[in-house]
Amino acid sequence: MTAAEQDASAQGSIAAIELGLRDVLREALADAGVDVRGLRQLTGGASRQTWFVEAVGSDGAIRPLILRRDPLAETTSAGFATEAAVLRAARDAGVPEPEVLAHSEDPAVLGAPFVLMEWVQGETLARRILRDDAFAAVRPRLAAQCGEILARIHAIDPSGVPGLRSFEPVGQLRELFDGYEERSPAFELGMRWLDANRPAVAAPTLVHGDFRNGNLMIGPDGVCAVLDWELVHVGDPMQDLGYLCARVWRFGGDGPVGGFGAYEDLFRGYEAAGGRPVDPEAVLWWELWSALNWGSGCLHMAHRHLSGKMRSVEMAAIGRRVWEQEYDVMLMIEHRLRSL
């Protein structure tokens, strides 16, 4: 396909999404005269697409919105019915969340399953959050605030969210790595260490699954939205705390919590907001699990690109980061052994 043909195909796809969005919005907003404008795909998001669009009401009022589409329909992710339900439940529980306007699993509506929600003003680029002067005043408060938000998330009744899954963490990792020909001694050692040092089984709660710097919308007053719920499931609440502290999500920052804070502040905020007593050893266990899990994610993206299933410079670049996770796994095991 020539460049001109690719451009024409892309324009045709955008026109089809715009046409479908008009029908979706006219029903969702009960406004037969609503129109859409400014539809454009945003950067970021290696699995699901994120689009910005403006809804223009029949009265001329403009409402900025975010459209998330899943053209890959990955089976490892929660469906949009689940994501929409948990967004609404989280909003009701006091978690900062955008309003969900519509969602559908039917690809015939917008060419792929989707969820449509209001646009929220804020910053998601982790390096800006960690380094820009605009966030200097709020950075010291972020770790405790994340703890408070996670306590609210873990208090959500899972029975009110359809389609939630659970998984056995070490078994899931082995299944993921067994899908590739490459064998990593560092990853194998990490999985053996996890298997031999499992924390006490905690009463399961709703777990976000991807709560980290980069998936948090930050404004002048702190977190103004929690994003990317496609990995939501039922499991150990300590997973969310450990995942937030994983080295890969610190983006070069000094603090172990997202690069911006201390463990103590995270744990204090969590318990003060009603979260169960934190087990620091369980948090560290999940921190190591997170490094291994992201290592499998890097392998997955590399293989998607190299196989030709989805040619992507972003996926190729992320795929090269497997070695970083091997390094993190070895560092964490060395640290744990020295502390015994």
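## A helix across a sheet, and what surrounds it

Let's start with helix 2, residues 80-92: this helix lies across strand 3 (62-69), strand 4 and strand 5 (114-118), and runs at about 160 degrees to strand 4. Keep in mind as you look around that this is a predicted model.

The strands under discussion belong to an open sheet of five strands, in the order 1-2-3-5-4, with antiparallel pairing. Which strands sit at the edges? They are strand 1 (35-41) and strand 4 (100-104), and each of them pairs on one side only. From one strand to the next, the twist averages 20 degrees.

Now for how the strands are joined up. The table gives some of the antiparallel pairs; the last row is the pair made by strand 7 and strand 8.

| Pair of strands | Bridges |
|---|---|
| Strand 1 and strand 2 (residues 49-56) | five bridges |
| Strand 3 and strand 5 | five bridges |
| Strand 4 and strand 5 | four bridges |
| Strand 7 (residues 216-219) and strand 8 | four bridges |

You can pick out single partners too. Asp 35 has Val 56, in strand 2, as its bridge partner. Over in strand 5, Phe 114 is the bridge partner of Arg 69, and Met 117 of strand 5 stands opposite Val 100. Is strand 5 enclosed or open to the outside? Four of its five residues are buried, so strand 5 is largely enclosed by the rest of the structure. As a rule of thumb for reading any sheet, side chains in a regular strand alternate between the two faces.

Next, have a look at helix 1 (residues 3-28), where you'll find Leu 21. How much of Leu 21 is accessible? Its relative accessible area is 0%, so Leu 21 counts as buried. What does Leu 21 touch, once neighbours within four places in sequence are left aside? Its contacts are Val 36, Leu 39, Val 53, Leu 67, Leu 110 and Leu 116. Several of these sit in the sheet: Val 36 and Leu 39 fall within strand 1, Val 53 within strand 2, Leu 67 within strand 3 and Leu 116 within strand 5. There's also a nice case of the chain folding back: Leu 21 and Ala 108 are 87 residues apart in sequence, yet 12 Å apart in space, C-alpha to C-alpha.

Right after helix 1 comes a small oddity. Ala 30 lies in the loop between helix 1 and strand 1, and has a positive phi of about 50 degrees although it isn't a glycine. That stands out because most residues other than glycine have a negative phi. Ala 30 is exposed, with a relative accessible area of 72%.

Further along the chain, helix 7 (residues 185-196) has twelve residues. From its first C-alpha to its last, helix 7 reaches 16 Å, close to the 16 Å expected at 1.5 Å a residue. Which residues of helix 7 are buried? They are Ala 186, Phe 187, Gly 190, Met 191, Trp 193 and Leu 194. Looking down the axis of helix 7, these buried residues fall within an arc of 160 degrees, so they line one face of the helix. Pro 185, Arg 192 and Ala 196 are exposed on the other side of helix 7. There's a simple bit of geometry to remember here: an α-helix has 3.6 residues a turn, so residues three or four places apart point the same way.

Then comes a hairpin, made by strand 7 and strand 8 with two residues between them. In that hairpin, Leu 216 has Val 226, in strand 8, as its bridge partner. Strand 8 (residues 222-226) has four of its five residues buried, so strand 8 is largely enclosed by the rest of the structure. In the loop between strand 8 and strand 9 (233-235) you'll meet Asp 228, which also isn't a glycine and has a positive phi of about 55 degrees. Asp 228 counts as partly exposed, at 22% relative accessibility.

Last stop: Glu 287, found in helix 10 (residues 280-307). Is Glu 287 buried or exposed? Glu 287 is buried, with a relative accessible area of 5%. Its side chain and that of Arg 250 are joined by a polar contact of 2.9 Å. Not counting residues up to four places away in sequence, Glu 287 touches Gly 242, Cys 245, Ala 246, Arg 250, Tyr 263 and Met 332.

Notes
Residues numbered from 1 in each chain as written. Predicted model: local features only at pLDDT ≥ 70, side-chain atom pairs only at ≥ 80, totals over all residues. Heavy atoms only, no water. Expected span 1.5 Å × (residues − 1). Buried < 20%, exposed > 50% of the residue type's maximum accessible area, 1.4 Å probe, protein only. Arc of directions from axis to C-beta. Pairing = 2+ DSSP bridges. Axes fitted to C-alpha atoms, helices over the stretch in contact; angles between N-to-C directions. Contact = heavy atoms within 4.5 Å. Polar contact = N/O pair within 3.5 Å; in protein donor to acceptor, adjacent residues only side chain to side chain.
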